[in-house]
Amino acid sequence: MTDETTTISGARAHLECLECNRQYDLYQVLYRCPECDGLLMVEHKEDALHTLSATQWKNVFSARMASFDHPWSSGVWGKKEWVLPEIQDEHIVTLGEGRSPLVGLPRLAGELGLAQLWLKQCGITHTGSFKDLGMTVLVSHVRSLRARGIPIRAVACASTGDTSAALAAYAAAADIPTVVFLPAGKISLAQLVQPISNRSLVLSLDTDFDGCMAIVRAVTSADPALYLANSLNPLRIEGQKTVSIELAQQLNWKVPDWVVIPGGNLGNVSALGAGFRMLKNAGLIDRFPRICVAQSANANPLYESFRAGLNELTPMQARSTLASAIQIGNPVSFPRARRTLREFDGVVEQATEEELANAAARADLHGMFTDPHTGVALACLFKLVNSGVIRSRESVAVVSTAHGLKFADSKTAYHAGQLPLRAEYRNEPVQLPADEQRVLQVLHERLGD
Ligand SMILES: *Cc1c(COP(=O)(O)O)cnc(C)c1O
Ligand SMILES: [Zn+2]
């Protein structure tokens, strides 16, 4: 039977060290390999998944995409066997994540000479960023750990604003306490009010993200009843990898030539790779896209590493950037991202503040409302098209990571000419008296005859 209720017996997942390949039980609380301190991945017993043919899986996934039933109505849990096969449905905490739109931008594609250009709108979701995809999995997993008697008093994370919003929302839905560590003054107002509203314990620290990350790692290892929700924890990656599956599904199981994704801590690009890898192993796609990781020039440790051959990453002090969610100088998932870049013939590009702000504003001329991180990705796309790395007639999907409304302040400052950069697409409101003649005059001036 291959209807939407199919579950594959024998589908299992475990934790596996990226460095020494030792395996651990998925229901152990581990953030790094106890033997070698390497990063962990959730690995699946893919043979069990392959008892369904590619065609059968495509049918299952499309039936679930049309379903309103729990848990299939979630874009993440519609891929359950590929994510957390053994979880009980009653432990699943969903806020309707996934199933995000894939929007074509044919006019912009034409301007760039591309065959196709799509924006995968991962920010159109409950808390306004793709972090929901990973957090539904992590918080559901915490529920099943607690049900097994593992004492978890609260879940904690360091954040540049979006992880904390997602954690606070999903944990509140599950009635689990949360603590979030935020770099004071470095996140948007919309991001800050999210965990406050969900009754998180919000700790605003006088440091940057990397400083918060160091504290939360120290605190969660000193107190094992505090569970770590950062993407160091591979459970997050399991949910985020559904982006690749959904993208392929929306393109009728074809892949674009390129996927461009903004990168900070580099969990998301690792997830993107993991999704495509599983799809190809199961025969749902027959080739890989190339991947571009896009970084802000003010927080570009991966870009520097890529230029030096990608063997190692030198942590840096990240400078302030409009793309505040990727203001990270010491990305935790570098080894995972390196694996993905090598396997997907990847490149890393960077964008200046002026480039990212203008790229976001340019996409807005096509009906988008682009956040600065997606602006980084688009600016890098424009640069790679100009330099010929992305060739004309190729197809590109850009992963949009957040909703622009979270960044209304910086977008407003752009159009008001208040940013220290040349705002190419500036558009200011016209202040007028409520006078018909004056209004007609301005309409004539601005719109022509
Ligand atoms: C978290 C985040 C990123 C970066 O994702 P990583 O997994 O840290 O590389 C990019 N954009 C937005 C809006 C984010 O919240
Ligand atoms: Zn190891």
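1. Let me start with Asn268, which sits in helix 11, spanning residues 267–281. Keep in mind that this is a predicted model. Asn268 counts as buried because its relative accessibility is 10%, under the 20% cut-off. Leaving aside residues up to four places away in sequence, Asn268 touches Phe130, Gln240, Ile261 and Thr401.

2. Next, the metal site. The zinc ion (ligand 2) has four cysteine SG atoms as its protein donors, from Cys17, Cys20, Cys33 and Cys36, at 2.3 to 2.4 Å. The angles among the 4 donor atoms run from 97 to 120°, and the site is tetrahedral. Along the chain, these donors follow the spacing C-x2-C-x12-C-x2-C. Within this set, Cys20 and Cys33 link distant parts of the chain: Cys20 is in the loop between strand 1 (13–17) and strand 2 (23–24), while Cys33, 13 residues apart from it, is in the loop between strand 2 and strand 3 (40–44).

3. Are these two cysteines buried or exposed? Cys20 is partly exposed, at 28% relative accessible area, whereas Cys33 is buried, at 3%.

4. You may also like the open sheet of 4 strands, with order 8-7-6-9 and parallel pairing. Its edges are strand 8 (201–205) and strand 9 (226–228), each pairing on one side only. On average, neighbouring strands here are turned by 25° against each other, ignoring direction.

5. A closer look at one pairing: strand 7 (residues 178–183) and strand 8 run parallel and are joined by 5 bridges. Val180 has Val202 in strand 8 as its bridge partner.

6. Finally, helix 8 (residues 209–222) lies across strands 6 (154–158), 7, 8 and 9, and runs at about 150° to strand 6.

Methods: Residues are numbered from 1 along each chain as its sequence is written. Chains are lettered from A and ligands numbered from 1 in the order in which they are written. This is a predicted model: local features need pLDDT of at least 70, side-chain atom pairs count only at pLDDT 80 or more; totals for chains, interfaces and linings use all residues. Side-chain values use heavy atoms; hydrogens and water are left out. Donors are N, O and S atoms within 2.8 Å of the metal (3.2 Å for Na, K and Ca); water is not among the atoms, so sites may look incomplete. Four donors count as tetrahedral if all angles lie between 85 and 135 degrees; four count as square planar and six as octahedral if opposite donors are over 155 degrees apart and all others between 65 and 115; anything else is irregular. Helices (H or I, at least four residues) and strands (E, at least two) are DSSP runs, numbered from the N terminus. Buried means under 20% relative accessible area, exposed over 50%, partly exposed in between (1.4 Å probe, protein chains only). Contact means heavy atoms within 4.5 Å. Two strands pair if DSSP finds at least two bridges between them. Axes are lines fitted to C-alpha atoms, for helices over the stretch in contact, and angles run from 0 to 180 degrees between N-to-C directions.
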